[in-house]
Amino acid sequence: MTRRVLIAVFQQDSDLLRAVAAVRAAGWKIDDVYAPYAVHGLDRALGWRPSRLSWVCAACGLAGAAFMLWFQQWTSAVSWPLNVGGKPWNSLPAFVPIIFEGMVLAAGLGTVLALFLVARLRPGKKTLPIVPGVFDDRFALVIEETDATFDAAAVSELLRNHHAVEIEERVWEADSCSTGAAGGAAGSRSRRRLNYLLLLVLIVLVAANMLVPRNQAQPNREFLPDMAHSPAYTSESANPNFADGETLQPPVLGTLAQGQRRLPYAATDADALLAGQELHNPLPAGQAGVRERGAVVFQNFCTPCHGGGGLGDGPVALRGYPAPPSLVTGNSTKMPDGQLFHIITYGRANMPPQAGLLSPEDRWAVILHIRSLQTPNTSIPAGTKP
Amino acid sequence: MAEARLASPPPLVAGDKSPADVTREICAPMERRPSGLWWSAFLVSASVLALGVAAVAYEISTGIGTWGLNRTVGWAFDITNFVFWIGIGHAGTLISAILLLFRQKWRTSVNRSAEAMTIFAVVCAGLFPLIHMGRPWMAYWVVPYPNYRGPLWINFRSALMWDVFAISTYLAISLVFWYVGLIPDLATASTRGKPGWRRRLLGFFSLGWDGSYRTWHRYELVYLLLAGLATPLVLSVHTVVSFDFATAVLPGWHTTVLPPYFVAGAIFSGMAMVLTLMLIARKVMHLEDYITHRHIDPMCKLTLLTGSMVGLAYLVEFFTALYSGNEYEQFGASNRLWGPYGWCYWLMIGCNVAAPQLLWFRWVRRRLPLVLVIVILVNVGMWFERFVIIVVSLHRDFLPSSWTMYVPTSVEIAILAGSFGLFFTCFLLFCRFLPMIAIGEVKGVLGHGQTDCAEVTIP
């Protein structure tokens, strides 16, 4: 559909205002006015109703405030109720500032977006001024030629009386208004070119990803390691602060960790016998889980040499390591728990000491497991002679 | 009639300009090559900015230990600068929004640059808490988003969290306000000058503005609505900033006068900064006809008003300390005056309370170099005010064994200088590439002060 319009150009805003009033009084239909600034009083002269964007503003503001109210209560009282200084979960007064900010933000952004939407403003939109100078010091009054009875001559006469400097008739396509198709073709061409370029970049990246072999040995590059590397000395690194130049220092002789008991023995057979006389297994054999723990410890630390059943046929022994005696039938069936504890702790001949690997509890627990392999499967308390 | 003409004030824009003159003269700095003065100013501020960037890079790669902070004074230059810049950012919205609501027509010549100044100041301010974090790439942790830590949400009961929301909302709304105001002028500028990337870019951001009155009609309403929203917002922002201090129990921070005191101080420092920039820009950019005594004079009066409010707030603080009967409060107050940082306090009083009193005299307000000196003093004084509030309150708290002094390191001073570099670099680029006076709005007030010929009777 095409529309015929009459465009009159004015130089003074006062002329424009009077012309608008006269045109309306004569009953002709004003399509639009184009102006370089918001002419004071023009909307009253045109008789346009106030825009409804203020309702959009109110709705967005209310929505923003309601959302922030709900969100703060939900996060602080429902999703993760965290006690902050004994304040109640629902600290409404403390939520007020953010409710307010949410309201202002939503109302402001919402209204402006709504303006862009209804006024069809968008980035990159191409516009030609309807008449030259309309962005500078000219005003254009657009009158729609509604039907055949429209008397262009009479209208022009009236406008000229109001100091219109130029009057022109134009035919407009449907709703194109002043938005010329000027940028259309050029725009789509450059867009297509951009698309090809991006496609090319994608192909090159994919090809490079497939063709360039990945070096698995190289560690990944670090970006902002976030304190992953401590400037402190690691236990193995050299350290100039100690006389021996090592970071890891042996504890002072005779130091005991908290909860640890003193073992006043040397790694000798005599002391092993002594330990057999003095030490008691602190773990009650009937306690739930203790024997199971013992089995796990045995499985992990002893089977390589002693074999799963304690017969001295572990894989290490089968490959030529001096085979340990059977724990099921050998001397150990007659040794008191304390003596086994000494052997496990300090080692004996080819049996390496386990103190560094196992806690005292685990050592006692594994003894219970050894006993369950033996017949009779009972602990041998201290004071029993082998 | 003749008497009426004599009594009416001189026009807002001098030189009897037509709308076409306005377009041409305001767009001129964007179209001609920048002057030598502009280049030298730009080079100086860009180098200071580079210094600041280097200092920040060094600080981030090495750690916050490069600053002079200690266990007692955990906030010093960083937060001082933050509050200082945020305060400066308040004048733009005051001029654009509050004065719009009060129908002060003189705002039209200064609002655009004041808004730009606001945005740059808020950006400068926002950088300080960010670099104060030490690991700024974790800054997104201040945003409430669903996460795999629980989801563990941010603590909405914390004043610092309110700050995050207030500052980011303020930045967003100021940007939108500024941009919406720019759209018609971008359209105007994009039809002028040599064709090329500059015009294409201006055209892209003018959103296809065609001057249709259907759009103007809605636009005016939206602009008014934004002003209505920005007015309580601008008052809330510095209130929330003051909560950072007022909700703590430290003597010197823990008072109810802090929010109004901060807001007055913010507008005071902002007006001083706008005046500083305008007095320089009108000379450098040759805008003497657009920024006249009709603009400078009310701004001076606003500076005087808010400066006196700030002076009153200082008095109220002392009264509170005295009247509270609390020995810690009283010690805090006397430590401000006579403590080791006493000189900062007296400098602040001299610059913020005494100097602006000269603006009572019309003779002074007419002497622009004198005004420039006064407002620069105010800028200095307002920086020291924040330093006094933060460092002087912190350095001697309840526990005398932890009393200590704070001395800034060169890194901190370089970062402060760098923020000024950033501010002025942005402002100079703005003067060069965007219309620094609202063309459309100035055209609307050209007739103001003469006969109101636009009045017509509507049938």
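A residue counts as buried when its relative accessible area is under 20%, and in this predicted model Tyr261(B), at 2% relative accessibility, therefore falls among the buried residues.

That residue belongs to a small story about aromatic rings, for which a search of the whole structure finds 53 aromatic pairs over all chains. One of them joins Phe245(B) and Phe262(B), whose ring centres lie 5.8 Å apart with 45° between the planes, a tilted arrangement. This pair links distant parts of the chain, since Phe245(B) lies in helix 9 (residues 213–246) of chain B and Phe262(B) in helix 10 (residues 258–284) of chain B, 17 residues apart. Phe262(B) is buried, with a relative accessible area of 3%, and Phe245(B) is buried as well, at 1% relative accessibility. The ring of Phe262(B) also pairs with that of Tyr261(B), and because their centres are 5.9 Å apart and their planes stand at 80°, this pair is edge-to-face.

Aromatic residues of both chains come together elsewhere, where Phe67(A), Trp70(A), Phe71(A) and Trp74(A) form one cluster with Trp153(B), Phe156(B) and Phe165(B). In chain B, the charged end of Arg432(B) sits over the ring of Phe433(B), 5.1 Å from the ring centre.

Helix 15 of chain B, residues 368–395, has 28 residues and reaches 40 Å from its first C-alpha to its last, close to the 40 Å expected. This helix carries a kink of about 30° centred on Val388(B), and because 21 of its 28 residues are buried, helix 15 of chain B is largely enclosed by the rest of the structure.

In chain A, the domain assignment gives domain 1 (2–36 + 133–174) and domain 2 (269–378), and the centres of these two domains, taken over C-alpha atoms, are separated by 109 Å.

Terms used. Residues numbered from 1 in each chain as written. Chains lettered and ligands numbered in written order. Predicted model: local features only at pLDDT ≥ 70, side-chain atom pairs only at ≥ 80, totals over all residues. Heavy atoms only, no water. Domains from an automatic or database assignment. Helix = DSSP H or I, 4+ residues; strand = E, 2+ residues; numbered from the N terminus. Expected span 1.5 Å × (residues − 1). Bend = angle between axes of the 7 residues up to and from the residue. Buried < 20%, exposed > 50% of the residue type's maximum accessible area, 1.4 Å probe, protein only. Phe/Tyr/Trp six-rings, centres within 6.5 Å; stacked < 30°, edge-to-face > 60°. Lys NZ or Arg CZ within 6 Å of the ring centre and 35° of its normal.
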